[in-house]
Amino acid sequence: MRNTKSNILFTFKSDLSYAIELDQNDPLSKYRNEFHIPKDSKGNDLIYLCGNSLGLQPKATIKHVNQELEDWANYGVDGHTEGKTPWLPYHESLTECMAKIVGAKPIEVVLMNTLTANLHFMMVSFYQPTKKRYKILIESDAFPSDKYAVESHLRHHGYDDKEGVILWSPRPNEQLLNYEDLENILKEQGDEIALIMIGGVNYYTGQYFDLKRICSLGHQHGCAVGFDCAHGAGNVQLNLHDSGADFAVWCTYKYMNSGPGSIAGCFVHERHAEKKDLNRFTGWWGHNKETRFQMRDEFDQLAGAEGWQLSNPPILSMAAIKAPLIIFDETGIERLVEKSKKLTGYFEYLINELNNDSISIITPSNPDERGCQLSIQVKNANKNLHKNLTESGVISDWREPDVIRCAPVPLYNSYQDVYFMVERLKKILNE
Ligand SMILES: *Cc1c(COP(=O)(O)O)cnc(C)c1O
C-alpha cells in the first residue's frame with residue numbers, strides 16, 4: 001500500500017534561506033504568536049513537535065477560563081443563566097465550530113466527557129452483538145485504550161475477549177494497513193462482525209485511513225462502523241458526515257489545543273438522530289431541554305448527538321476549548337491542511353536527504369494518507385536517539401517498540417522548526 005512517490009506535490013530545497021523564505025510566504029505564520037511556545041532553560045523556544053500528544057496553549061485561553069471563574073465568583077448558581085455565556089446552553093456555543101472542523105452537521109456533534117468514556121457510550125449503542133454476529137474488528141496496532149475498551153465490551157456481553165476480536169494487520173515486513181486485506185477479512189468473516197472500530201489516523205504510523213471506503217465496505221457486510229479520531233480532529237479533513245460512519249469520538253487536547261485531559265468530542269450520524277430504539281446509557285443532560293428541570297419520571301431523549309449527554313458539563317474545560325475553536329474558525333481546516341501538506345512534505349524531504357540507514361519513515365508518503373505526523377522508525381530501537389534529540393531542544397515522543405513521532409503542526413510550527421530539527425538530528429546521527 002506504501003506509495004513510494006515522495007513529494008508529489010512540491011519541490012523543495014535544503015538550505016536555511018529556503019526555510020526562511022517559506023516562513024515569510026506562509027499566510028498562517030502569524031498564528032504561531034497566538035500560542036505559548038515552551039522554552040528551554042536559556043529562554044529559547046523549544047522545537048515543539050508534540051502537538052499530536054498535547055497541543056500548545058493559545059494565549060487567549062486564560063481569558064476564557066478566567067471569565068468563567070469570574071462568573072462563578074460573581075453569580076454563584078445564577079451563572080447558569082446570567083453568566084456571559086450562560087452555563088446551561090454553554091456547549092451549544094461550541095458545537096457549530098467543532099462540527100465544521102470534523103466535517104459534520106451540528107446535530108451530529110457534541111462535546112462531552114472524555115475520549116475513552118465516549119467510546120464506551122458509543123459502543124453501548126452501536127455494538128449490538130447477536131449469537132452469530134458478535135465480533136469486533138480493530139486495527140492490529142490500535143491505541144491501547146481503544147483495544148481495552150473493545151475487549152471489555154466483548155466480556156460485558158459474555159464473549160471471549162480474544163476470540164471476539166478480529167485484527168486488521170499489516171502484511172509481513174510491512175507497517176501500513178492494506179485495504180485489500182480488509183476486503184478479504186470482510187469477505188470471509190463479515191457476517192460475524194458486529195462492529196468495525198478503527199483509529200481514523202493511526203496513532204503509531206500516522207496512516208490516515210479512507211474512512212468512506214471503510215464505512216462502505218463495512219456497511220455492505222452489515223457491520224456498524226465507528227472511528228476514534230483522536231489523531232484526526234484538527235489534523236485532517238475528516239468529512240465525518242460524508243464518510244457515512246455510524247459514530248466517531250475524539251479528544252480535543254491533541255490537535256485541538258484545549259489542554260490536558262480536556263473535554264472530548266462525539267459524532268453520531270444524522271441517520272441515527274431520531275432513533276429512540278437504539279440502546280444507550282442515559283443521563284439528565286440527554287433529556288429534552290424544555291422539560292429537563294421538571295424532573296420527570298420518563299426520559300425524553302434529545303435528538304442527535306446531544307441525546308447521548310449524561311451530565312451537566314465541565315464549564316472550565318469547555319472554556320478552554322473556546323480559544324482554539326475561534327482560531328480554527330478563522331483559519332479554516334482547509335487552509336491548515338494545505339499548509340500541513342507542505343510543511344510535512346518539507347520535513348519528509350529533509351529527512352530523506354539525510355539518506356541515513358539508521359532511520360526510516362513509516363508514515364505513508366502520499367500526502368492524502370497522512371496528517372502532519374511523521375513516524376520515524378529507529379534501527380535497533382536505539383532510544384538514545386530520542387534522548388539526544390530531546391536534549392538538543394526538540395520535543396517529540398518515543399513510542400514503543402521503535403518509533404519517534406514528530407508532528408509539525410501547521411498552526412504554530414514553522415518551516416524553520418522543521419529545518420532546525422533535521423539539522424540537530426543530522427548532527428546526532430553523525431556523532
Ligand atoms: C490519545 C488517544 C487516546 C487517549 O484516550 P483518553 O480517554 O483521552 O485518555 C485514546 N485513543 C486514541 C486513538 C488516542 O490517540
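In strand E4, Ile 166 is the bridge partner of Leu 137. That pairing is a handy way into this predicted model, since it belongs to a set of 4 bridges that join strand E3 (residues 135-139) to strand E4 (residues 165-168) in the parallel sense. To get from E3 to E4, the chain passes through helix H6 (residues 144-156), and the resulting β-α-β crossover is right-handed.

How far can the model be trusted? The mean pLDDT of the protein chain is 96, with 98% of its residues at 70 or more. The weak spot to keep in mind is residues 1-6, where pLDDT stays under 50. For this stretch the model has 17 contacts beyond four places in sequence.

Back at E3, the charged residue to look at is Lys 135, which takes part in two pairings described here. One is a salt bridge with the side chain of Glu 163, at 3.7 Å from N to O. Lys 135 sits in strand E3 and Glu 163 in the loop between H6 and E4, so this pair links distant parts of the chain, 28 residues apart. The other is a salt bridge with Glu 192, at 2.9 Å from N to O. Glu 192 belongs to the loop between helix H7 (179-189) and strand E5 (193-199), so its link to Lys 135 in strand E3 ties together parts that are 57 residues apart in sequence.

Buried or exposed: where does Lys 135 fall? With a relative accessible area of 10%, Lys 135 is buried. Glu 163, by contrast, is partly exposed at 42%, and Glu 192 also counts as partly exposed, at 24% relative accessibility.

Across the whole structure, a search turns up 26 salt bridges. Some of them form a network, which links Lys 147, Glu 151, Arg 155, Asp 161 and Lys 162. Another joins Arg 32 to Asp 417, with the closest N and O atoms 2.9 Å apart. Arg 32 is in the loop between helix H1 (16-24) and strand E1 (47-48), while Asp 417 is in helix H14 (residues 415-430), so this pair ties together parts that are 385 residues apart in sequence. Asp 417 is buried, its relative accessible area being 7%.

Further along the chain there is an open sheet. Its 4 strands follow the order E9-E10-E13-E12, and the pairing is antiparallel. Strands E9 (359-361) and E12 (397-399) stand at the edges; each has a single partner strand, so one side of each is left without a neighbour in the sheet. From one strand to the next, the twist averages 30°.

At the E12 edge, 3 bridges connect this strand to E13 (residues 403-406), and the two run antiparallel. Here Arg 399 stands opposite Val 403 in E13. Helix H12 (residues 333-354) packs on the sheet, where it touches E9, strand E10 (374-378) and E13. The direction of H12 makes about 150° with that of E9.

How values were computed:
Residues are numbered from 1 along each chain as its sequence is written. This is a predicted model: local features need pLDDT of at least 70, side-chain atom pairs count only at pLDDT 80 or more; totals for chains, interfaces and linings use all residues. Side-chain values use heavy atoms; hydrogens and water are left out. Two strands pair if DSSP finds at least two bridges between them. Axes are lines fitted to C-alpha atoms, for helices over the stretch in contact, and angles run from 0 to 180 degrees between N-to-C directions. Contact means heavy atoms within 4.5 Å. A crossover is right-handed if, with the strands pointing away from the viewer, the path from the first strand over the helix to the second runs clockwise. pLDDT is the predictor's confidence in each residue, from 0 to 100. A salt bridge is a side-chain nitrogen of Lys or Arg within 4 Å of a carboxyl oxygen of Asp or Glu. Buried means under 20% relative accessible area, exposed over 50%, partly exposed in between (1.4 Å probe, protein chains only).
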